Amino acid sequence: MSEQKKEIVLSGIRATGNLHLGNYFGALRKFVQVQDDYDCNFFIADLHALTTNPDPTQLHQNVKSILAEYLAAGLDPEKSTIFVQSDVPEIAEMYLLLNMHVGIGELMRTASFKDKARKALGIGTPADDSDEAFEKEIIGASTNKRVNAGLLTYPTLMAVDILIQKATKVPVGKDQLQHLELTRRFARRFNSFYGVDLFPEPTDFDFGGAPVKVPGLDGSGKMGKSEGNCIYLIDEPKALRKKVMRAVTDEGPQAPNSPVSEPIANLFTLLELTSTPEVVKQYRDAYADCSIRYGDLKKQLAEDILAITTPIRERINDILADETYLASVVKRGAERARERAAATLSEMRHIMGIRKF
Ligand code: TYM
């Protein structure tokens, strides 16, 4: 494939802390796998991090640690454009322009907004989860518990990240699919409103498989930083083993071929991501004939996770210590990312009628 014909892949991770297994299996591992065959662009979403964690003392450190984790996991600046979102100011301008074509209703109905807005307001999911009830909650919220407008327009910013590079393939975990659907909708809407063919419609990118949702170890739900149930790439072996051994289980299968409860299904999901099919089969068979010992399953799981994370963890600190290298990677990445971003923005301004005297 010639250089120009390679399809454009783009994805990013928010700068909100260290990377966990959800980020790794949902995103980073896929980034590394596609580097040779696509025009790859991977960034650190520091502006998106501001929607929930505006902490000036932490932000730059978080950007640096994710950059080091990207590189330690195998992202190669010779193959991929690696950059920091805020180093591309064209993104902020396009965010303003695209917002003129986005409805507040569609943003308010986004699952991630509902979830994060309720967290910001300190309320759980009420019995009445209708859009109307949610609207009342937001509008009626007292001013000292604010849901910031950046959280509402999060999907616009994410769409801009993708559309400004005209990316068509976006490797993400399952939780981001609704944002991708909105991105396609915004692209279509812009193209048809102005009668142009500016933006391609991006799709998720999973090599034929389905996007994954990596579960936590606490029995239910996904692994996530705000859930406090994460295994991090940088976890030391001792701490990691301890976390896995403490994973929630049940009393064990009481009869052959019993249905699998959620906490155990989650352990199997993790085992499938980290172990060989033979090992998974061995434990599934043991569950089916009631001979399974959860302690053994957890030990196996911890060692298989460590086999993946240890080589990454061992590289992270060396990379983090080399500030000059880190700076050179993102400088070059920003230059490349800005080139295409500036071209798209200029087309967009022209289409929208913004002209210079
Ligand atoms: P973020 O930072 O929440 O997550 C980064 C990536 O990790 C995936 N992920 C998971 N996948 C499976 N199971 C889990 N438990 C799990 N937890 C996290 C996410 O799906 C994601 O792929 N909005 C994005 C960042 C972003 C972006 C973009 C992505 C900003 N602009 C443009 C792609 C394209 C986010 O919040 O990721």
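In this predicted model, Arg241 is partly exposed, with a relative accessibility of 36%. Its salt-bridge partner is Glu303, and the closest N and O atoms of the two are 2.7 Å apart. The structure holds 27 salt bridges, a largest pocket of about 1,300 Å³ and 2 cavities of 30 Å³ or more. A ligand is also present, with 26 residues around it.

**Salt bridge Glu303–Arg241**

- The two residues belong to distant parts of the chain, 62 residues apart: Glu303 is in helix α14 (residues 294–321) and Arg241 is in helix α11.
- Glu303 has a relative accessibility of 37% and therefore counts as partly exposed.
- Arg241 falls in the same class because its 36% lies between the limits of 20% for buried and 50% for exposed.

**Salt bridge Asp175–Lys222**

- The side chains of Asp175 and Lys222 form a salt bridge with an N to O distance of 3.1 Å.
- This pair also links distant parts of the chain, with the two positions 47 residues apart in numbering: Asp175 sits in the loop between β4 (169–170) and α10, and Lys222 in the loop between β5 (203–204) and α11 (237–245).
- Asp175 is partly exposed at 42% relative accessibility.
- Lys222 is partly exposed as well, its relative accessible area being 32%.
- Asp175 and Lys222 are both listed among the residues closest to the centre of the largest pocket, and Asp175 is also one of the residues that come nearest to the ligand.

**Salt bridges that involve helix α6**

- Lys119 and Asp115 form a salt bridge at 3.8 Å, N to O.
- Both residues lie in helix α6, where 4 residues, about one turn of the helix, separate them.
- Lys119 is partly exposed, at 47% relative accessibility.
- Asp115 is partly exposed too, at 42%.
- A network of salt bridges links Lys114, Arg118, Asp129, Asp131 and Glu137.
- Side chains of opposite charge can pair when their charged atoms come close.

**Largest pocket**

- The space in the largest pocket comes to about 1,300 Å³.
- The pocket is lined by 49 residues, and those closest to its centre are Arg14, Lys116, Asp175, Gln176 and Lys222.
- Two or more lining residues come from each of β1 (8–14), α1 (21–34), β2 (39–45), α6 (111–121), α9 (154–163) and α10 (177–194).
- Helix α6 provides the largest share of this lining, 6 residues.
- By residue type, the lining of the largest pocket consists of 18 nonpolar, 19 polar and 12 charged residues.

**Ligand surroundings**

- Of the 26 residues around the ligand, those that come nearest are Tyr154, Asp161, Asp175, Val214 and Met223.
- A polar backbone atom of Arg14 is 2.9 Å from an oxygen atom of the ligand; Arg14 is also among the residues closest to the centre of the largest pocket.
- Gly173 places a backbone N or O atom 2.8 Å from a ligand oxygen atom.
- A nitrogen atom of the ligand lies 3.2 Å from a backbone N or O atom of Gly22.

**Largest cavity**

- The volume of the largest cavity is about 50 Å³.
- Its lining is made up of Thr110, Ser112, Phe113, Lys116, Leu151, Tyr154, Pro155 and His179.
- Helices α6 and α9 each supply at least two of these residues, and α6 gives the most, with 3 residues.
- The lining divides into 4 nonpolar, 3 polar and 1 charged.
- Two of the names recur elsewhere: Lys116 is among the residues closest to the centre of the largest pocket, and Tyr154 is among those nearest the ligand.

**Second largest cavity**

- The second largest cavity contains about 30 Å³ of space.
- Gly216, Leu217, Gly219, Ala247, Val248, Pro263, Asn266, Leu267 and Leu270 line the second largest cavity.
- This lining has 6 nonpolar and 3 polar residues, and no charged ones.

Note on methods
Residues are numbered from 1 along each chain as its sequence is written. This is a predicted model: local features need pLDDT of at least 70, side-chain atom pairs count only at pLDDT 80 or more; totals for chains, interfaces and linings use all residues. Side-chain values use heavy atoms; hydrogens and water are left out. On a 1 Å grid over the protein atoms alone, a cavity is a set of points where a 1.4 Å probe fits but cannot get out, and a pocket is an open set with protein on both sides within 12 Å along at least five of seven lines; lining residues have an atom within 4 Å of a point. Grid points are joined across faces, edges and corners, and a volume is the space filled by probe spheres set on the points. Ala, Val, Leu, Ile, Met, Phe, Trp, Tyr, Cys and Pro count as nonpolar, Asp, Glu, Lys and Arg as charged, and the others, Gly among them, as polar. A salt bridge is a side-chain nitrogen of Lys or Arg within 4 Å of a carboxyl oxygen of Asp or Glu. Buried means under 20% relative accessible area, exposed over 50%, partly exposed in between (1.4 Å probe, protein chains only). A residue is near a molecule or strand if one of its heavy atoms lies within 4 Å of it. A polar contact is a pair of N or O atoms within 3.5 Å; within protein, one must be able to donate a hydrogen and the other to accept it, and residues adjacent in sequence count only if both atoms are side-chain atoms.
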